[in-house]
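Hi,

Here's the structure I said I'd pass on. Have a look at it first, and my notes follow underneath.

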Amino acid sequence: MAELGLNEHHQNEAINYMRFARFKRGQCLKTVDSCFQDLKDSRLVEETFTVDEVIDMLDGLRTVVHSEVESELINTTYTNVLLLRQLFSQAEKWYLKLQTDVSELENRELLEQVAEFEKSEFTSSNKKPSADLIKPKLAPLHEGGSELLNKTVACLQEENEKLKTRLKTIETQATAALDEKSKLEKSLKDLQMIQGDQKTNENQDIAELESKVAALKCQFEKTLNDSTANQKFLEENLATTKHDLLKVQSQLSTAEKELEKKFQQTAAYRNMKEILAKKNEQIKDLRKKLSKYEPED
């Protein structure tokens, strides 16, 4: 038995439509036969006819047959559109989009396959149609639609689980990133506090050093102002002054080393070094001035 490549249900539906089409075709042929029979009964009553009479009868017959065939073809077209409408409506009910290939309607191989299928179903078998094959309309696709809907729901649930897993992973990564950000912010604050404390201590050391240098400068200026009136007192205190100077120089050297050690990683290191250089130059000037008052050997 020839097959159409469809499942049993759809093939039965195709058989129902072919049975309907065979019935309509038979009705059309009967109508055409009746047209010829009417012509015979109404016009062919004489034994001889002229050419004009024959032409008139044939023209009338052509008009009647043309009208009947055209009406049947139009009705067949509308019937096919209604059939497609039923199929498309059922497909749209389940959010499906069907496609048709009009060019396949003239495929001779497929047409012959359908003809062979019709012959095997309606001619060779000579079997009466069962009750399941003569339904007046297409049955709703309840079972097939439910299966499709279940598959769609399962697919959506699987996709939903994947999205949940992905969201959970992203949330974990975001939480870890926020924790890392908090740690970095805390480390930055601690570093800023340490740098602030170092800067404060450095500023205090600089202020103390400047205060000592200023006090020493004042002391030297006072000594220079009183040198004329108190030469002997200056000579007696010269050794003490030298000792203090050496002590200050030692303090300056120590402070400079400490500052270099503290400032070597800071932006103020270079500025502080320049300040110390200037202070050393001032001390050298003071030493030169003091050397003028030292007794010659």
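To start with a small puzzle: in which helix do Y17 and F20 lie, and how many residues apart are they? Both belong to helix α1, which covers residues 8-43, and they sit three residues apart, about one turn of the helix. Keep in mind that this is a predicted model.

I picked those two for a reason. Searching the whole structure for aromatic pairs turns up one, and Y17 and F20 form it. Their ring centres are 6.4 Å apart, with 40 degrees between the planes, and the pair is classed as tilted. That class fits because planes under 30 degrees apart would count as stacked and those over 60 as edge-to-face. As for cover, Y17 has a relative accessible area of 27%, so it is partly exposed. F20 is partly exposed too, at 37% relative accessibility.

On the overall fold, you'll be looking at helices: the protein has seven of them and zero strands. Going along the sequence, the pattern reads α-α-α-α-α-α-α. Of its 297 residues, 15% count as buried.

The other thing I'd point you to is on the surface. E46, E47, D52 and E53 make up a negative patch there. D52, one of those four, is part of helix α2, which runs over residues 51-93. Is D52 buried or exposed? Its relative accessibility is 59%, and the cut-off for exposed is over 50%, so D52 counts as exposed.

That's what I have for now. Shout if anything looks odd on your side.

Cheers

Conventions
Residues are numbered from 1 along each chain as its sequence is written. This is a predicted model: local features need pLDDT of at least 70, side-chain atom pairs count only at pLDDT 80 or more; totals for chains, interfaces and linings use all residues. Side-chain values use heavy atoms; hydrogens and water are left out. Patches are made of residues with over 30% relative accessible area and no salt bridge: like charges are joined within 9 Å, nonpolar side chains (Val, Leu, Ile, Met, Phe, Trp, Tyr) within 5 Å. Accessible areas come from the Shrake-Rupley method with a 1.4 Å probe; for residues, only the protein chains shown count as cover. A salt bridge is a side-chain nitrogen of Lys or Arg within 4 Å of a carboxyl oxygen of Asp or Glu. Lys and Arg count as positive and Asp and Glu as negative; His and the chain ends are not counted. The place of a charge is taken as NZ of Lys, CZ of Arg, CG of Asp or CD of Glu. Helices (H or I, at least four residues) and strands (E, at least two) are DSSP runs, numbered from the N terminus. Buried means under 20% relative accessible area, exposed over 50%, partly exposed in between (1.4 Å probe, protein chains only). Rings of Phe, Tyr and Trp (its six-membered ring) pair if their centres lie within 6.5 Å; planes under 30 degrees apart count as stacked, over 60 as edge-to-face and the rest as tilted.
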